[in-house]
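Hi,

Here is the structure I promised to send over. Have a look at it first, and my notes are underneath.

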Amino acid sequence: MDSVVRPEEKDMDAGPEVLGEAFLKLEPASAAQARGYISTWIGGDHPAYENVVLVTSELVTNAIVHSSRGRPHDLILLTLTRMADLLHMEVLDPGGTAWEPRSPEAVPDDGERGRGLAIVGEISRRWGVHDHGPLGRTVWCDVDDTPAERPCG
């Protein structure tokens with residue numbers, strides 16, 4: 001039951017612009033689907049494409065891994081909105097036990113997990129979480145719409 005909602009064309013100066021929303025199944029294949037939606041919504045030639053794809057993959061994967069209330073028909077809601085010079089990403093999941101996402105201070109080099117939110121924190125201007133109790137949890141981040149190029153080396 002995947003669905004995509006695309007907003008109609010509207011005035012860019014009217015405030016936030018929803019670039020796309022998609023409901024995804026609470027399963028590992030949804031991370032790849034989410035990346036595909038980002039490609040459709042902003043295009044592979046967008047200056048922030050790589051950053052947005054990476055944070056999308058991390059947030060959707062975290063939703064799948066950490067949603068302990070996940071039932072066979074539960075869904076994740078992925079939303080991408082442009083606000084001024086930012087791309088605002090939200091991932092709403094079914095939630096679960098008390099869990100406060102945080103960026104780890106140090107992840108062992110040989111660790112197989114635990115880098116996702118550190119990556120999100122590095123790429124994003126800011127990120128956070130809203131716990132909606134029995135209604136789920138939203139993890140969000142803001143990425144520069146036109147990221148500055150990082151010097152090589």
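Below is what I found, going from the whole chain down to single residues.

One thing to keep in mind: this is a predicted model, and every value here is computed from it.

**The overall picture**

The protein has three helices and six strands. If you walk along the sequence, they come in the pattern β-β-α-α-β-β-α-β-β. There are 153 residues, and 40% of them count as buried. About 9,000 Å² of the protein is exposed, with carbon and sulfur atoms supplying 51% of that. As for how the chain comes together, take the contacts between residues at least 6 apart in sequence: 62% of those join residues at least 24 apart.

**How the helices pack**

Two packed helices are described by the angle between their axes and the distance between the axes, so I'll give you both for each pair.

Start with H1 (residues 29-42) and H2 (residues 49-66). Their axes are 9 Å apart, and the packing angle is about 150 degrees. Angles over 145 count as roughly antiparallel, so that is the label for H1 and H2. The crossing of H1 past H2 is right-handed. On the H1 side, the contact is made by Ser30, Ala31, Ala34, Arg35, Ile38, Ser39 and Ile42. H2 brings Tyr49, Val52, Val53, Thr56, Ser57, Val60, Thr61 and Ile64 to it. Sorted by class, the H1 and H2 contact comes to nine nonpolar, five polar and one charged residues.

Ala29 is also in helix H1. Its relative accessible area is 46%, so Ala29 is partly exposed. The C-alpha atoms of Ala29 and Ile64 are separated by 9.8 Å, and the two residues are 35 apart along the chain.

H2 has a second partner, helix H3 (residues 116-123). The axes of H2 and H3 come within 9 Å and cross at roughly 145 degrees. Here the crossing of H2 past H3 is left-handed. From H2, the residues involved are Asn51, Leu54, Val55, Glu58, Leu59 and Asn62, and they meet Gly116, Leu117, Ile119, Val120 and Ile123 in H3. That contact divides into seven nonpolar, three polar and one charged residues.

Leu117 is worth clicking on while you are in H3. Its relative accessibility is 6%, so Leu117 counts as buried. Between Leu117 and Leu59 the C-alpha to C-alpha distance is 7.8 Å, though they sit 58 residues apart in sequence.

**Some residues in the strands**

Is Val143 buried or exposed? This residue is in strand S6 (residues 137-144), and Val143 is buried because its relative accessibility is 2%, where the cut-off for buried is under 20%. Leaving out neighbours within four places in sequence, Val143 is in contact with Asn51, Val52, Val55, Asp85, Leu86, Leu87, Ile123 and Ser124. Several of those names came up above: Asn51 and Val55 of H2 and Ile123 of H3 belong to the contact of H2 with H3, and Val52 of H2 belongs to the contact with H1. The C-alpha atoms of Val143 and His88 are 6.5 Å from each other, with their positions 55 residues apart along the chain.

Thr81 is in strand S3 (residues 75-83). At 10% relative accessibility, Thr81 counts as buried too. Again setting aside neighbours within four places, Thr81 is in contact with Pro16, Glu17, Val18, Leu19, Leu86, Leu87 and His88. Leu86 and Leu87 are also on the list for Val143.

Val129 belongs to strand S5 (residues 126-131). With a relative accessible area of 21%, Val129 is partly exposed. Val129 and Cys141 are 12 residues apart in sequence, and their C-alpha atoms are 8.9 Å apart.

**One odd backbone angle**

Most residues other than glycine have a negative phi. Which way does Ala84 go? Its phi is positive, about 55 degrees, and Ala84 is not a glycine. You will find Ala84 in the loop between S3 and strand S4 (86-93). At 75% relative accessibility, Ala84 counts as exposed.

Cheers

How values were computed. Residues numbered from 1 in each chain as written. Predicted model: local features only at pLDDT ≥ 70, side-chain atom pairs only at ≥ 80, totals over all residues. Heavy atoms only, no water. Helix = DSSP H or I, 4+ residues; strand = E, 2+ residues; numbered from the N terminus. Buried < 20%, exposed > 50% of the residue type's maximum accessible area, 1.4 Å probe, protein only. Contact = heavy atoms within 4.5 Å. Areas by Shrake-Rupley, 256 points an atom, 1.4 Å probe, with all protein chains shown as cover. Axes fitted to C-alpha atoms, helices over the stretch in contact; angles between N-to-C directions. Parallel < 35°, antiparallel > 145°, perpendicular 65-115°, else oblique. Left-handed = near helix turned anticlockwise from the far one by under 90°. Nonpolar A, V, L, I, M, F, W, Y, C, P; charged D, E, K, R; others polar.
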